[in-house]
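Biologist: I have not looked at this one before. Could you walk me through it?
Modeller: Gladly; let us put it on the screen and take it piece by piece.

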Amino acid sequence: MDHNKKKAYLINTIAIVATYLVFFVLIQTKTMNNYFVGIAIMTCIMIIMAMSLNIVAGFLGEMALGHAGFMAIGAYASAVFSMALVDSGLPLPKLFILILAMIVGGVVAGIFGFLIGTPTLRLRGDYLGIVTIGFSEIIRIFFINFGPTGGAAGLKGITRLVNFHNVYWITILVAILIFTLGRSKQGRAIISIREDEIAAEAAGIPTTRYKVLGFSLAAFFAGIGGALYAHYQSFLEPSKFGFMFSIEMFVIVVLGGLGSLTGSIISAIVLTVLPEMLRSFSEYRLLIYSLVLIIMMIFRPQGIFGRSEFSLTAFIESLIQRKKVKNSIDGGEAS
Amino acid sequence: MLFYKGGYIVNLFLQQLINGLNVGSIYALIAIGYTMVYGIIKLINFAHGEIMMFGAYFAFIAATSFQLPVWAVLLSSMVIMAIIGVTIEFVAYRPLRNAPRLSALITAIGVSLFLQNLALIIFKPDPKVMPKIFPETIYKLGEIEISSTTLITIGLSLFFMVLLDLYIRKTKQGRAMRAVSEDKDAAILMGINVNRTISLTFAVGSALGALGGVLFSVAYIQVYPTMGVMPGLKAFIAAVLGGIGIIPGAMLGGFIIGMVETLTKAYLSTTWADAIVFAILIIVLLFKPTGILGKNTREKV
Amino acid sequence: MTVLSAKNITMQFGGLTAVDQFNLDLSANELVGLIGPNGAGKTTIFNMLTGVYVPTVGEIFLNDQSIIKKSAHEIVKLGASRTFQNIRLFKDLTAVENVKIAYHNFIDYNMIQGMFRTKKFWVEEKKAQEECMKLLDIFDMGEYADTLAKNLPYGQQRKLEIARALASDPKVLMLDEPAAGMNPNETTELMETIHFIRNKFDITVLLIEHDMKLVMGICERIIVVDYGKTIAEGTPDEIKNNPDVIRAYLGD
Amino acid sequence: GCSTSGGSADADVVKLGFIGPMTGDAAIYGSSAEEGAQLAVAEINAAGGIDGKNVELVAYDSKADQTEAINAYNRLRDQDGVVAVIGGTLSGETLAMKDIMVQDNMPVLSPTATAVEVTQEAPNVFRACFLDDYQGQAAANFSATTLGAKTAALLIGTGNPYSEGVSEAFKAAFTAKGGTIAGSESYGTADKDFSAQLTKIKEMNPDVVFVPDYVQTVGPILQKAKEMGITAKFVGADGWDGVQEEYADAAQGNYFTNHYAADSPSETVQNFITAYKAEYNKVPNSFAALGYDAVYTMVEAITAAGATEAAGIITALNATDHAGVTGTLKFDEEGNPKDKEVTIIKIDDGQLKFDSTVVNN
Amino acid sequence: MLKVKDLNVHYGKIHAIKGISFEVNEGEIVTLIGANGAGKTTILQTISGLLKPSEGMVSFEGENLNKVPAHQIPMMGIAHVPEGRRIFAEMTVLENLQMGAYIRKDKISIQEDMEKIFLNFPRLKERIKQIAGTLSGGEQQMLAMGRALMTRPKLILLDEPSMGLAPLLVDEIFNMIQTVNDAGTTVLLVEQNANKALHIANRAYVLETGYIKLSGNARDLLVNPEVQQAYLGG
Ligand SMILES: Nc1ncnc2c1ncn2[C@@H]1O[C@H](COP(=O)(O)OP(=O)(O)OP(=O)(O)O)[C@@H](O)[C@H]1O
Ligand SMILES: Nc1ncnc2c1ncn2[C@@H]1O[C@H](COP(=O)(O)OP(=O)(O)OP(=O)(O)O)[C@@H](O)[C@H]1O
Ligand SMILES: [Mg+2]
Ligand SMILES: [Mg+2]
């Protein structure tokens, strides 16, 4: 048991480092140009957004359709903070500013998650969904009308602090944290609410508290995603954080499988890269994209991975296994 | 003088109320379609706004290219959209009948995007101007003006609401719809043709959506590919506000949203109008978690 | 010593009085049956005792502490837990996870420690796993630990629900028709299990059941309700021969 | 060396990039500008291209979304190897790309992005349209002087920087000329129902109502205003172009500021209109005209530079003196059009009639 | 009347029914008994068309049911009281009963049947306007039974009708089954309460994980030591 766990850790660590090294080499040798790097960065940000949304939609089982709102809060809060920090002229290293900005973005968004979640989480299902849409629209309208952050014209002049290297490791860190959250006492409590709220109460879970916790955590990580976004784009426009963007994130989560973090990751990659691949189809692009969406859902209604996680260890083992079986058959024939 | 001033303020207010009633009745019609489909398969049919948009395009074509009379314009658009609605259900939603609800929601989003972009390719992005298909007269009630279009819109939505509500509550087929919405297998055991019942619901819902689309485009003159998005969202909010799945609720919600929106623009702030609509929705839901007419049934354990 | 007591609790739904000035006193370590015709209000009594419903009138004390208006999870923490008439498991979780969720209050690490997997996390999780496995073993369910609840046979699901209710270390355990849907053999087995856990955990058991073999077989005291009111109370033998009970409930 | 594996290898074509919204709510702007631009490219190629090399316009949809725009731009640069970019079409998307464009020193000419910041601190970024405040000022001057208006009401699209920017300038200039702003009303970008605002404007009874927005918004506003019996003159900005088509009745007798007049005797203008109609079977709007001019200007600069290398093109752009459909285009040191004259158009009988020109001092 | 031949049913990869054959003759009460998960519910659901068999066939009065769409099966005269009752929880008691009569046209006879049901279950009459979902467990069971009878079936499939019922009602339900049967309705009964089931049944089949293990006359099975040991509690 423990041995297996150690093996899994090792394999996953190797895979993470190896993936990074591949990208590192590709970027250093300019095999991968800025266009691809840009897509890779956006993909990482979308992975964070999808995983954080998965806390609410997958773990908690609530239909949250306003994730872009929290992302907006995180983006604006962190941007205002980092702009002030840069203006102050303190000689701080870039990465340090970025990390501080991320924390600020995450915490502010988390606080909003808490404030919004506390009164609204007693609503169920579709009613909660509509309320989350409502809040995120209110947030967007606020930024459109709020002069100090540039209003509708947007907030300009944010220092670009994000590059592939830091965003990759931050994404990995967020992924690990959300993963371990799901497998902790707190995560189990949140998941039990999804399974059956009344039973969860009867099992002694303070459901309201854990709902708010799940909601705030999701908002916190969305805020981090927003902070990264702000410091990658260096320009923020309120219109970006509209209803369709929330929907886009929601689609990623459902397509990957509600509750499956690896699903979110794969699906975020597919759905960020796919539209880029379709770019040359110009106006047919969204038509194809929507068809792909419908067809994928029809053939895989529970999402790519359902509720389970993709396990690299198990995958490798099954590969080895198959090879062994094949070998033994081969051997059999030879003898 | 003072009296005159007071009367003038009241008139202005009444005029704004009528403006609100007009928008509201369109939201109400669209919301009824949402609510019906939701009622039966618990699916937020995100494509409903696009059904509305296509309905408007067909009416536009019927009115301009074929020069059909009003009733034929309305009828043809409603019939065509009913067929398209049923087809969409058959192709995109039926395979997901037993899938998790959120998956069907994603399909609905897919269908919505698909239709919108299809319209963009077929009809191009520039708005078409909807001809005035209703005889245009302005009625004056003292200082207040009501156009015939407004009256027709309000009348039609009230008519359909009452009709549908009676249908669903009182007729056998209506009961069958509710039975299907609650438990499909049990409905089959009663001898109900579930697929046909669902198709029928989609047909009715889509026809109403189309009608809403036509009225919307007549009231606001234009037909364009993204026209369904905003009214679709507002109508959805209306349906939720009134208590989703409940037809009079959709109607009530539609009128409330229309009123609130107009009065906010008139007396509070235009920029914040949408935010205020949402804020009211949220506040109402906090006090009445299942919408205004929603029953607060607790799950029996 | 009284563990759980209800004073004149009444529950009204609209015009319907489902439970009417009902009184209850449970002593430590008792095994009490609550029976009565369908719709008599038994489940509703459970719902009030466990905080699912707030009584329209009346008072409830658990270990001399009023639990009226306390939420369900607080009452669990104070020592009363239950099972449901229609099984309510966490269907997509494994059996052991179901139990661990109810063991929640005895796992001691905070969220940060959990996310960063400190030493404390590992120690506590190991303890939780062991304790929950012990509970499953009591019900002979060890082999099913990693099976998803929804894939368990019906009888096992019922037992898992009891195991889960025990994980919160209750003083009072309330079982709502635990034998429903079980065949006579399974019922007999369940009877033994209930007896066993009562003694092992030293708890009070309140039990709703329509299977007279089970009720008469293990209950020390039986309360009969009809139309929300107690109509009889006594030992199994007394109840068996009570004419009111025979007329309203048992039949002849 | 920084030669990449991108598609720039094809030496026989000169690739220009184009970015603008072609789907979604703002699709009309992007696609109009692209149509104008494509028309220009076709004409240029028919006339022999750039030193015999064909020009190719690679156009990508920005979906009016900043991330999309950045991706599109990155792709144009890295994958398609364009030598210059026409775009973006909207201010927002252009601002989003600006930083990277400046870093790359990519020659950029936006046909239609009107926000002030677009060209600031960006020596490589130019634009073909005049700025928001420029035409707002012109409209105010025209209203006060030519129309003799004493009071004006404004109807502003909030959340739309264009509408806000032009209104702001109008307000300032109109008051400076001694006029009074009777009040201003606003609406959101997605609004379709203007009855509440117009009911209030009717009560204000101003001489002039200034409504700087695009046709699809202005049309219904004018229609509604007419239905409600509002008699004030409506004045607008270049977004009105096209209003004579579908809303002739409602727009009758009103004015707007524009980049060019379709009934201008200028041969360039008439040729453009004829060609555009032939190609797309509709009348061009000012987005199309600006897209068209932008391509010609850029191609002239590339030809003048004699090479497809950025620094040369930018130098050449700075020396531009192009007589286009939308007037003579020269750039000031910031990259904005210099002394561009604003044309005042009157809508009359479903036609756009040249009324006068205004040059702000 | 009802013939099941070589029936195989799968849930995805799970092979729940593995080649079962049996029949029910007109006027009989036949009972299926067996442990949890033996496949009793699955068989009933296949008969009423809710599940499609992977192999084999079900025929009713000579007609192959596999070819009949599920919603037409009630019209042929088969009613099904499903496991877990499956009443329409948000409708009133009355509306539930009306749903049972969905396939019938004759208003007068519908009314008569309803009165009969109220006679058997006076509790339902008391609660006629109540939302069915708020009924107690036993009340819901009565409603489910009443609803099925409203279709006027020739054959009624009962899936654990006594589950959760008070002893008095259990007797009543079994009496009712007898009455219904006496009135000419054939009954296929699935029960955990094997003792009672075998007492009223003519014939019985004993199921074990997808197979028929034993079959025969109900009286004989009642005294069969194997059955006593496994299903009658000793
Ligand atoms: N939420 C509710 N709304 C309305 N009536 C209710 C509600 N819950 C229960 N009732 C009614 O209260 C009465 C008591 O119900 P309860 O479920 O407590 O009965 P019970 O004794 O548990 O019966 P059974 O043995 O059949 O489970 C019933 O008549 C039921 O219809
Ligand atoms: N929806 C389903 N998906 C997968 N397997 C199922 C499903 N329903 C039943 N099964 C399996 O099929 C087998 C037969 O189940 P069935 O419900 O028919 O048994 P039963 O005899 O009615 O049991 P019970 O007495 O518990 O009602 C069981 O092994 C069960 O686990
Ligand atoms: Mg009960
Ligand atoms: Mg069964």
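Biologist: How do the residues of the lining of the second largest cavity divide into nonpolar, polar and charged?
Modeller: Bearing in mind that this is a predicted model, the lining of the second largest cavity divides into 7 nonpolar and 7 charged residues, with no polar ones.

Biologist: What volume does that second largest cavity have?
Modeller: The volume of the second largest cavity comes to about 110 Å³, and a search of the whole structure turns up 14 cavities of 30 Å³ or more.

Biologist: Which residues lie nearest its centre?
Modeller: Of the 14 residues that line the second largest cavity, the ones nearest its centre are B:Tyr27, B:Lys234, B:Glu261, D:Ala190 and D:Lys192.

Biologist: And which helices of chain B each supply at least two residues of that lining?
Modeller: In chain B, those helices are α1 (2-41), α9 (229-242) and α10 (247-268), and it is α9(B) that gives the most to the lining of the second largest cavity, with 3 residues.

Biologist: Staying with helix α10 of chain B, what is B:Leu263 in contact with?
Modeller: B:Leu263, which lies in helix α10 of chain B, is in contact with B:Phe13, B:Gln16, B:Leu17 and B:Leu268, if we leave aside its neighbours within four places in sequence. As for distance along the chain, B:Leu263 and B:Gly20 are 243 residues apart in sequence, yet their C-alpha atoms are 7.2 Å apart in space.

Biologist: Changing topic to the ligands, which chains does ligand 1 lie between?
Modeller: Ligand 1 lies between chains B, C and E. There are 24 residues around ligand 1, and the nearest of them are C:Lys42, C:Thr43, C:Thr44, E:Arg127 and E:Thr134.

Biologist: What lies how far from the oxygen atoms of ligand 1, say at C:Asn38?
Modeller: At C:Asn38, a polar side-chain atom lies 2.8 Å from an oxygen atom of ligand 1. For C:Lys42 the distance is 2.7 Å, from a polar backbone atom to an oxygen atom of the ligand, while an N or O atom in the side chain of C:Thr44 is 2.5 Å from an oxygen atom of ligand 1. With those contacts in view, ligand 1 on its own has 630 Å² of accessible area, and the protein covers 94% of that.

Biologist: Which elements each supply at least two residues of the shell around ligand 1?
Modeller: From chain C, β2 (16-27) and α1 (42-49) each do so, together with α6 (137-149) of chain E. By class, the shell around ligand 1 holds 7 nonpolar, 12 polar and 5 charged residues.

Biologist: OK, and where does ligand 2 lie?
Modeller: Ligand 2 lies between chains C and E, with 15 residues surrounding it, of which E:Asn36, E:Lys40, E:Thr41, E:Thr42 and E:Glu83 are the closest.

Biologist: How far is E:Thr42 from an oxygen atom of ligand 2?
Modeller: For E:Gly39, a backbone N or O atom lies 2.8 Å from an oxygen atom of ligand 2, and a backbone N or O atom of E:Lys40 also lies 2.8 Å from an oxygen atom of ligand 2. At E:Thr42, a polar side-chain atom lies 2.3 Å from an oxygen atom of ligand 2. The area that ligand 2 exposes when taken alone is 640 Å², and the protein buries 66% of it.

Biologist: Where does the largest share of the shell around ligand 2 come from?
Modeller: The largest share, 3 residues, comes from α1(E), and by class the shell around ligand 2 has 6 nonpolar, 6 polar and 3 charged residues.

Biologist: New topic: which residues of chain D does a cis peptide bond join?
Modeller: The cis peptide bond joins D:Gly87 and D:Gly88, with omega at about -10 degrees, and D:Gly88 is found in the loop between β3 (84-87) and α3 (91-104) of chain D. Most peptide bonds are trans, and most residues other than glycine have a negative phi. On that second point, D:Glu121 has a positive phi of about 50 degrees although it is not a glycine, and D:Glu121 lies in the loop between β4 (108-110) and β5 (125-127) of chain D.

Biologist: Last one: which chains have the most contacts between them?
Modeller: Among the 7 pairs of chains that touch, the most contacts are between chains A and B. Chain C and chain D, on the other hand, do not touch, with their nearest C-alpha atoms 32 Å apart.

Notes: Residues are numbered from 1 along each chain as its sequence is written. Chains are lettered from A and ligands numbered from 1 in the order in which they are written. This is a predicted model: local features need pLDDT of at least 70, side-chain atom pairs count only at pLDDT 80 or more; totals for chains, interfaces and linings use all residues. Side-chain values use heavy atoms; hydrogens and water are left out. Contact means heavy atoms within 4.5 Å. On a 1 Å grid over the protein atoms alone, a cavity is a set of points where a 1.4 Å probe fits but cannot get out, and a pocket is an open set with protein on both sides within 12 Å along at least five of seven lines; lining residues have an atom within 4 Å of a point. Grid points are joined across faces, edges and corners, and a volume is the space filled by probe spheres set on the points. Helices (H or I, at least four residues) and strands (E, at least two) are DSSP runs, numbered from the N terminus. Ala, Val, Leu, Ile, Met, Phe, Trp, Tyr, Cys and Pro count as nonpolar, Asp, Glu, Lys and Arg as charged, and the others, Gly among them, as polar. A residue is near a molecule or strand if one of its heavy atoms lies within 4 Å of it. A polar contact is a pair of N or O atoms within 3.5 Å; within protein, one must be able to donate a hydrogen and the other to accept it, and residues adjacent in sequence count only if both atoms are side-chain atoms. Accessible areas come from the Shrake-Rupley method with a 1.4 Å probe; for residues, only the protein chains shown count as cover.
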